[in-house]
Each structure stands twice: as C-alpha cells, then as structure tokens.
Amino acid sequence: MIPAKRRKLGAPAAGPVADVIRFPHVAVFLLEKRMGASRRAFLTGLARSKGFRLEDSYSPAVTHVVSEKNSGDEVQAWLETQTPAGDADRSVHLLNMTWFTESMAAGHPVKIESRHRLQVKAKSGPSAVTNTMGAYACQRKTPLEHHNAVLTDALLLLAENADFCTNEGRSVAFKRAASVLKALPGPVRRMEELQGLPCLGEHCQRVIKEILEHGASSEVEMTRHSEHYQAMKALTGIFGVGVKTAEQWHRAGIRHPADLVSSEHKLNRAQRAGVEYYEHLRVPVTKAEADRIGEIVKRAVDAVLLGAEITLTGGFRRGKQTGHDVDFLITHPDEGREEGLLPKVVSWLEARDLLLYQKTNKNSYLEAKEWPARPPSNMDRFERCFSIFKLQRPWAALEEPPQSGERGAAETPGWKAVRVDLVVTPVSQFAFALLGWTGSQLFERDLRRWAGQKGMSLSSHALYDCEQKRYLRATSEEEIFAHLGLEYIPPGERNA
Ligand code: CTP
Ligand code: MN
Ligand code: MN
C-alpha cells in the first residue's frame with residue numbers, strides 16, 4: 001500500500017483545481033521560458049497538491065517568480081516587460097529551482113537564502129539591452145534605420161557570398177549576426193559591448209573585431225573583389241536565375257549578362273526577360289513608383305471584381321523607401337469570390353500594354369492535404385503572378401535627375417521595367433498571407449522556427465497546433481503573434 005503522501009505525489013498534474021491553499025501570502029509564478037509547458041504543468045500540479053498558491057499568469061499579486069535554466073538577467077528583463085514602467089523593482093523574489101524543490105520537500109515555503117536567489121547584474125547602459133535580446137528575430141524589434149551599417153554590410157556580403165557557394169547554413173549564420181547588430185540601440189565601438197548577445201559566432205566576431213580595429217575586414221574586401229563573387233552577383237541579379245544556374249554558367253566562362261547574348265546557352269522565358277530588362281531591373285524601385293503601380297493594380301482589380309482589396313506588402317510595408325520589386329496581396333471580403341481573379345487582372349493589364357512579362361500560377365493549397373503530414377514549406381501555394389510591369393514615366397520629372405554615369409534605365413526614354421509580385425489569398429488566410437509576405441525573409445524564417453519549437457507549424461496559409469491537432473484561426477497579425485506567445489512586432493520593426 002502506497003502511503004497517502006506518496007500517492008498524492010504520483011499524480012499531481014491531474015490534481016483538482018480546488019486544492020486548499022495553505023500559504024496564501026506566498027503567490028508563486030513558474031516562468032515557462034526554458035522550463036517547457038509540460039514540466040511547468042507538472043510542477044504546478046505538484047505544488048498545488050501541497051497547498052501552495054500557484055498563479056497561472058503573472059500579475060502584481062505574484063510574490064515569488066521561480067525559473068529554471070534562465071539567468072537572473074533574463075528573468076529580470078522578462079519581469080520588466082510584465083510590469084508598468086517604474087514598477088519593475090517592486091519586491092518580487094526571483095528564485096531558482098532549489099527554493100522550489102526544497103519547499104516541495106519541506107511541505108511549506110522555505111526561508112529564502114541567498115543561494116536560492118537568481119543573480120541579477122546591476123544595470124549599466126548597453127549591457128542591460130544586451131542581455132534582453134531574444135535569439136529569434138521575431139522576438140526583437142529591428143528598425144529599418146540602425147546604427148551598425150558598416151558591420152552589417154560586411155556580414156551581409158559574407159552571407160551573400162556563402163549563398164553563392166551554396167552554403168545556406170553559413171549564410172543564415174551571417175544574416176542572423178547582422179540582424180542582431182541591427183537591433184542594437186547604438187553603434188558598437190568595443191568588442192566587450194557584444195557580450196551576451198545571441199547569434200554572434202566566432203567567425204562573425206573575428207570579422208567585427210577586425211573592422212572595429214582596422215576599419216575593414218580583409219576577408220570581406222577579398223571576397224568583394226573576387227572574380228567569383230562579382231560574377232555570381234551579376235548573374236544571380238538576372239531575373240529568373242538562381243545560384244545553381246549562375247554557377248553552371250560561371251563554370252562555362254560566363255561572367256556577365258551581356259556574355260549570354262552572344263553565347264549559345266539556352267535561356268528560359270523568365271531568363272530571356274531577365275536579360276532583356278537587366279539594366280532596368282537593377283535600378284531599385286522607389287516608393288513613388290510602388291505607389292503608382294499600386295494605383296494601376298487597384299484599377300485593374302476594381303475593373304474585374306467589385307469589392308476586391310489590394311494591400312502593399314514586402315519591403316515597402318516595412319517602411320523601405322526602395323526595393324527590388326513591389327509585392328501586393330489581393331483578397332475579397334467574401335471567401336471564394338477571389339478564385340480565378342488573377343488571369344482576369346493579367347488580361348486587363350496586358351490589353352493595356354502594361355506587362356512586359358508574366359507567369360501566373362494557380363492556387364494549389366488545400367488545407368486538408370497540407371497538415372499534419374506535410375512540413376510547412378516556405379513556398380506558399382497561393383494563386384500568384386510574378387511579373388514585369390512596363391511603367392510609363394510621366395512623373396519621372398518629380399524625381400532626382402539621374403546621376404551622370406548611370407547606365408541603362410536612365411537612357412531609356414518614357415518607361416521603366418519594374419518587377420511586381422501579385423498574390424491572391426482567400427480572406428480566411430489573409431492575416432497569415434500578410435504576415436508571410438511582409439518579411440523580412442529572416443524574420444519569416446525565425447517566425448517559423450519559433451512556431452516549431454512551440455509545437456506549432458506556421459505558413460503563409462495557416463497556423464497549426466501539432467499538440468492540440470487543430471488550426472489556430474486568426475483575422476489579424478496581432479492574433480497570430482498572440483497564438484505564438486510573442487509580443488506583437490509592427491511591420492516597421494520586422495527589418496531583421
Ligand atoms: N516570399 C514568399 N514566397 C516567395 C517569395 C517571397 O513567401 N516565393 C516572401 C518572402 O519571405 C518575404 C516577402 O515575400 O517575406 C517579400 O519578398 P521579397 O520581395 O523577395 O523581399 P522584400 O523583403 O520585399 O525585399 P525587396 O524590398 O528587395 O523586394
Ligand atoms: Mn519585395
Ligand atoms: Mn517579391
């Protein structure tokens with residue numbers, strides 16, 4: 001026969017909610033962060049079965065915060081996000097697991113000793129910020145304008161070069177490091193200021209150190225001037241050309257798009273357009289041009305389906321003033337009305353000679369077939385059109401005159417080729433599509449990774465909870481962040 005005490009211990013999580021509270025003055029909150037939901041539930045049940053008062057969520061009533069595997073600074077930083085300004089230093093005890101375990105063993109809250117307390121460093125300028133930075137881009141606010149462009153440009157060049165060498169892991173590592181520096185509140189001046197920051201591996205630190213000490217990194221400068229990097233940059237800059245194709249061409253001696261014109265290399269339809277409009281497309285699209293294209297797309301959409309709505313997404317939604325293309329989402333408030341919309345929009349545009357190139361894909365998304373069998377792909381399956389617009393330039397006079405020496409588009413009178421992505425989404429998936437198409441790419445990547453470690457699966461179509469085995473619906477981006485247990489990050493701060 002198991003003694004009564006042990007029996008209780010055996011099944012604490014299932015214990016009744018109405019356990020008698022024996023120590024009402026001690027309100028314990030278990031911080032889930034690294035503890036994990038199931039362990040937290042187990043410990044909560046255990047403590048309640050012993051008459052402890054365990055709070056489900058943090059509130060000013062909490063007297064004891066217990067965490068596992070988090071540093072004191074992390075917990076302090078978290079606490080500051082929970083309490084109104086100025087209230088963070090109220091006398092909450094920040095404790096480690098030893099206090100909790102000893103209290104469970106004793107059957108009452110044991111007296112707090114210094115070994116039970118988490119060590120919290122005194123705040124000192126940037127280091128306080130350093131310690132609060134989350135390792136996932138979706139946990140941080142990354143503004144467009146930041147203070148470390150010299151360092152991030154260098155790291156992003158190495159990332160780009162790693163892509164050209166088909167080393168994705170390395171590329172993402174450099175991008176992550178750059179993204180962390182973008183989120184800092186000021187310029188980095190000394191290596192010590194980087195202490196405790198996530199995602200800064202040894203290689204990145206070496207590059208940063210060299211730049212801080214000598215003004216430049218020899219590796220970055222060597223790469224920048226290397227023949228392979230320059231050729232790959234030019235060739236992958238052609239619309240329709242990926243790294244693999246560029247690498248094949250490079251091995252065959254092709255260095256520049258112009259080399260393709262005279263060669264017998266076969267180009268597909270997208271690549272032919274890419275070569276033809278290369279000089280146009282390498283000139284960044286301005287916000288004014290994006291808005292002008294928005295007006296045209298709106299007119300096209302209105303003409304073929306009354307009530308349809310368009311939304312500017314991608315970099316421009318994040319506040320960028322220039323971009324490599326313009327991205328739009330199209331939807332209709334009545335689910336289903338948006339079906340088959342895109343071919344009509346395309347015909348409308350073509351009839352007016354507004355498209356230089358287009359490729360339209362049908363919607364191939366079928367919820368029933370996607371999950372849980374299939375892992376989320378970062379390619380979504382919306383009805384979409386990758387296009388090149390022919391944008392007339394009546395407003396060009398309003399812009400800055402072209403710099404002398406600028407080639408290509410500036411010489412072409414009257415119009416400019418502009419890459420435009422049109423994506424159609426059913427209104428029930430709109431919030432997910434908007435979140436998925438606003439970017440940045442690293443922000444999206446980390447959102448999906450974050451969802452994964454929370455037992456969820458996120459795509460531009462839906463969010464699936466793998467534990468509850470159900471879809472989590474949302475009609476706004478805010479709701480999706482909430483489902484994911486993340487603070488809402490507005491588009492302008494997703495420039496990771
Ligand atoms: N995207 C996507 N599927 C694609 C292409 C892009 O889901 N086939 C998403 C990307 O993840 C990104 C967003 O759409 O979040 C915009 O992509 P893109 O236009 O490539 O990048 P921008 O951030 O808009 O940058 P830019 O201003 O240079 O266009
Ligand atoms: Mn874009
Ligand atoms: Mn795009």
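**Exercise 1.** Is Asp325 buried or exposed?

*Solution.* Start with the ground rules: this is a predicted model, where local features need pLDDT of at least 70, side-chain atom pairs count only at pLDDT 80 or more, and totals for chains, interfaces and linings use all residues. Residues are numbered from 1 along each chain as its sequence is written, chains are lettered from A and ligands numbered from 1 in the order in which they are written, and side-chain values use heavy atoms, with hydrogens and water left out.

Next, the cut-offs: buried means under 20% relative accessible area, exposed over 50%, and partly exposed in between (1.4 Å probe, protein chains only). Asp325 has a relative accessible area of 7%, so it's buried.

**Exercise 2.** Work out which residues hold the manganese ion (ligand 3).

*Solution.* Step one is to pick the donors, meaning N, O and S atoms within 2.8 Å of the metal (3.2 Å for Na, K and Ca); water is not among the atoms, so sites may look incomplete. That gives OD atoms of Asp325, Asp327 and Asp421, at 2.1 to 2.3 Å. Along the chain, these donors follow the spacing D-x1-D-x93-D.

Step two is the neighbouring ligand. The manganese ion (ligand 2) is coordinated by Asp325 (OD) and Asp327 (OD), at 2.1 Å. Asp325 bridges the two manganese ions, ligand 3 and ligand 2, which lie 3.6 Å apart.

Step three is to place the pair Asp327 and Asp421: strand E8 (residues 326-331) holds Asp327 and strand E11 (residues 415-424) holds Asp421, 94 residues apart. Strands (E, at least two residues) and helices (H or I, at least four) are DSSP runs, numbered from the N terminus. Both turn out buried: Asp327 has a relative accessible area of 9%, and Asp421 comes in at 5%.

**Exercise 3.** Find where the largest nonpolar core lies relative to domain 2 and domain 3.

*Solution.* A nonpolar core is a set of buried Ala, Val, Leu, Ile, Met, Phe, Trp, Tyr and Cys residues joined through side-chain atoms within 4.5 Å. The largest one has 37 residues, and Leu155 and Leu194 are among those with the most contacts inside it. Helices giving two or more residues include H7 (168-182) and H8 (202-214), while H6 gives the most, with seven.

Now the domains, whose bounds come from an automatic or database assignment. Domain 2 (137-224) and domain 3 (227-281) both contribute residues, so the core lies between them.
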